[in-house]
Amino acid sequence: MARIPLTPPSTLLNRIGAWYSRRTYGKVLHPGLAAGHNPRVLLTYVRAERGAAKWNRLDPGLKHLAVMAATARINCSWCMDFGHWEADNLGLPMDKISKVPRWRDHRDAFTDLELLVLDYAEAMTETEPRVTDELAATLVERLGEAAFVELTAMVGLENYRSRVNSAFGLTSQGFSDACEVPSQA
């Protein structure tokens, strides 16, 4: 259960946000409703998300694997749910996405580069980050500097999302019901 009411004041900003959310995602996103209690926080968050959506130096599949690895590490059920829906919309293989929370048990499902990205996302997400010089150097070499910066920023953004949503007590909103998510056996 959410720790903050998902009924923010009926301001113009919140009404526009709800309209946009319904139009884009089919329902009003709970993180937006929670943030809607503070207009400056909501606007800053929306600006960050809109800016990040324009980043294009990192392969979208790698970007999404990194986001899902950070989400799984933090254990944000809202973000996992929405992440499955996003992966389905991106046309990513759901059998691979479903293995992200336990990727170390399913290493054969991922390429060497994907394994590096998953490891990096988890290393960045630790409460005391455990990113090594070697891991960073390998990713810079494989991805290039611009894509490495984007990867790092995306994992940082997902840490923000997942930690805020978890602290708000947000749980699955049913997005993954719209896609075929295999069991995580």
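The exercises below work through helix packing and residue exposure in a predicted model.

**Exercise 1. The pair H1 and H3**

Describe how helix H1 (residues 12-25) and helix H3 (residues 39-52) are placed relative to each other, and state which residues make the contact.

Solution.
- Step 1. Two packed helices are described by the angle between their axes and the distance between the axes.
- Step 2. The axes of H1 and H3 come within 11 Å, and they cross at roughly 35 degrees.
- Step 3. The hand of this crossing is left-handed.
- Step 4. On the H1 side, the contact is made by Leu13, Asn14 and Tyr20. On the H3 side, Pro39, Leu42, Leu43 and Arg50 take part.
- Step 5. Sorted by class, the contact of H1 with H3 has five nonpolar residues, one polar residue and one charged residue.

**Exercise 2. The length and faces of H1**

Check the length of H1 against the expected span, then determine where its buried residues lie around the axis.

Solution.
- Step 1. H1 has 14 residues, which at 1.5 Å a residue should span 20 Å. The C-alpha atoms at its ends are 20 Å apart, so the two values agree.
- Step 2. Asn14, Ala18 and Ser21 are buried in H1. Around the axis they cover an arc of only 65 degrees, and therefore sit on the same side of H1.
- Step 3. The general background is that an α-helix has 3.6 residues a turn, so residues three or four places apart point the same way.
- Step 4. Leu12 and Arg23 are exposed on the other side of H1.
- Step 5. H3 is included in what covers the buried residues of H1.
- Step 6. Just after H1 comes Gly26, whose phi is positive, at about 90 degrees.

**Exercise 3. The length and faces of H3**

Repeat the analysis for H3: compare its reach with the expected value, and assign its buried and exposed residues to faces.

Solution.
- Step 1. From the first C-alpha to the last, the 14 residues of H3 reach 20 Å, close to the 20 Å expected at 1.5 Å a residue.
- Step 2. The buried residues of H3 are Leu42, Tyr45, Glu49 and Ala52. Viewed down the axis of H3, these fall within an arc of 100 degrees, so they line one face of the helix.
- Step 3. Arg40 and Arg47 are exposed, on the face of H3 turned away from its buried side.
- Step 4. The buried residues of H3 pack against H1, helix H2 (30-35) and helix H9 (145-168).
- Step 5. Leu42 appears twice in this account: it belongs to the contact with H1, and it is buried.
- Step 6. Val46 is also found in H3. Its relative accessibility is 35%, so Val46 counts as partly exposed. Its C-alpha atom is separated by 10.0 Å from that of Ala35, 11 residues apart along the chain.

**Exercise 4. The burial of H4**

How many of the residues of H4 are buried, and what covers them?

Solution.
- Step 1. The 15 residues of H4 should span 21 Å at 1.5 Å a residue, and the end C-alpha atoms are 21 Å apart, so the length agrees.
- Step 2. In H4, 12 of the 15 residues are buried, and the helix is mostly covered.
- Step 3. Among the buried residues are Gly61, Lys63, His64, Met68, Thr71 and Ile74.
- Step 4. The cover of these buried residues includes H5, helix H6 (94-97), helix H7 (112-125), helix H8 (133-143) and H9.

**Exercise 5. Two neighbours in a loop**

For Asn75 and Cys76, state where each is placed and decide whether each is buried or exposed.

Solution.
- Step 1. Asn75 is in the loop between helix H4 (60-74) and helix H5 (77-90), and Cys76 is in the loop between H4 and H5 too.
- Step 2. Residues under 20% relative accessible area are buried, and those over 50% are exposed.
- Step 3. Asn75 has 62% relative accessibility, so it counts as exposed. Cys76 has a relative accessible area of 1%, and is therefore buried.
- Step 4. The phi of Asn75 is near 70 degrees, a positive value in a residue other than glycine.
- Step 5. Leaving aside residues up to four places away in sequence, Cys76 touches Thr71, Ser162, Asn165 and Ser166. One of these partners, Thr71, is a buried residue of H4.

Methods
Residues numbered from 1 in each chain as written. Predicted model: local features only at pLDDT ≥ 70, side-chain atom pairs only at ≥ 80, totals over all residues. Heavy atoms only, no water. Axes fitted to C-alpha atoms, helices over the stretch in contact; angles between N-to-C directions. Helix = DSSP H or I, 4+ residues; strand = E, 2+ residues; numbered from the N terminus. Left-handed = near helix turned anticlockwise from the far one by under 90°. Contact = heavy atoms within 4.5 Å. Nonpolar A, V, L, I, M, F, W, Y, C, P; charged D, E, K, R; others polar. Expected span 1.5 Å × (residues − 1). Buried < 20%, exposed > 50% of the residue type's maximum accessible area, 1.4 Å probe, protein only. Arc of directions from axis to C-beta.
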